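Here is a short report for a first look at this protein. Start with the overall picture, then turn to the surface.

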Amino acid sequence: MPKVRRGGQLNPLNQFSSPYAVTTNPLRLLNPLFVLRRNALYRSLAGDRGWMAVAAVVWGPVLLRRALGKRPERVAIEPLAIGHVLRLAVLPQDTKVERKAYRRTK
């Protein structure tokens with residue numbers, strides 16, 4: 001059972017079981033590419049060489065994107081109480097001269 005914070009079930013902060021919960025759209029299961037990937041994976045593991053080629057074609061871009069793509073860095077996950085405000089600010093980028101000076105001080 002998920003941990004319930006103060007305020008009970010009606011508190012809008014308690015609608016999610018955890019900050020890591022990932023929801024999957026049920027229509028994704030009917031997506032033809034999803035079905036093709038699943039079949040290619042299972043049948044290629046069974047030893048069918050034709051499906052191994054299909055698996056390489058349909059899983060290749062996914063694995064490349066996952067391996068080489070940018071990943072967001074999670075800084076913090078903290079619950080906000082009602083009435084609290086979250087403010088995000090972007091720090092200004094250092095100029096080329098400042099970066100060069102920083103490299104010299106290392």
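The protein has three helices and zero strands. Read from the N terminus, its elements run α-α-α. Keep in mind that this is a predicted model.

**Overall picture**

How much of the protein is buried? Of its 106 residues, 8% count as buried. The protein exposes about 10,400 Å². Carbon and sulfur atoms supply 60% of that area. Now take the contacts between residues at least 6 apart in sequence: 31% of them join residues at least 24 apart.

**Two surface patches**

One patch is charged. Lys96, Arg99, Lys100, Arg103 and Arg104 gather on the surface in a patch of positive charge. Arg103, one of these residues, has its place in helix H3, which covers residues 96-105.

The other patch is nonpolar. Leu27, Leu29 and Leu30 form it on the surface. Together they have about 340 Å² of accessible area. Leu29 lies in the segment before helix H1 (32-45).

**One residue from each patch**

Is Arg103 buried or exposed? Arg103 counts as exposed because its relative accessibility is 55%, and the cut-off for exposed is over 50%. Leu29 has 45% relative accessibility, so it counts as partly exposed. That class lies between under 20% for buried and over 50% for exposed.

| Residue | Place | Relative accessibility | Class |
|---|---|---|---|
| Arg103 | helix H3 (residues 96-105) | 55% | exposed |
| Leu29 | segment before helix H1 (32-45) | 45% | partly exposed |

Terms used:
Residues are numbered from 1 along each chain as its sequence is written. This is a predicted model: local features need pLDDT of at least 70, side-chain atom pairs count only at pLDDT 80 or more; totals for chains, interfaces and linings use all residues. Side-chain values use heavy atoms; hydrogens and water are left out. Helices (H or I, at least four residues) and strands (E, at least two) are DSSP runs, numbered from the N terminus. Buried means under 20% relative accessible area, exposed over 50%, partly exposed in between (1.4 Å probe, protein chains only). Contact means heavy atoms within 4.5 Å. Accessible areas come from the Shrake-Rupley method with a 1.4 Å probe; for residues, only the protein chains shown count as cover. Patches are made of residues with over 30% relative accessible area and no salt bridge: like charges are joined within 9 Å, nonpolar side chains (Val, Leu, Ile, Met, Phe, Trp, Tyr) within 5 Å. A salt bridge is a side-chain nitrogen of Lys or Arg within 4 Å of a carboxyl oxygen of Asp or Glu. Lys and Arg count as positive and Asp and Glu as negative; His and the chain ends are not counted. The place of a charge is taken as NZ of Lys, CZ of Arg, CG of Asp or CD of Glu.
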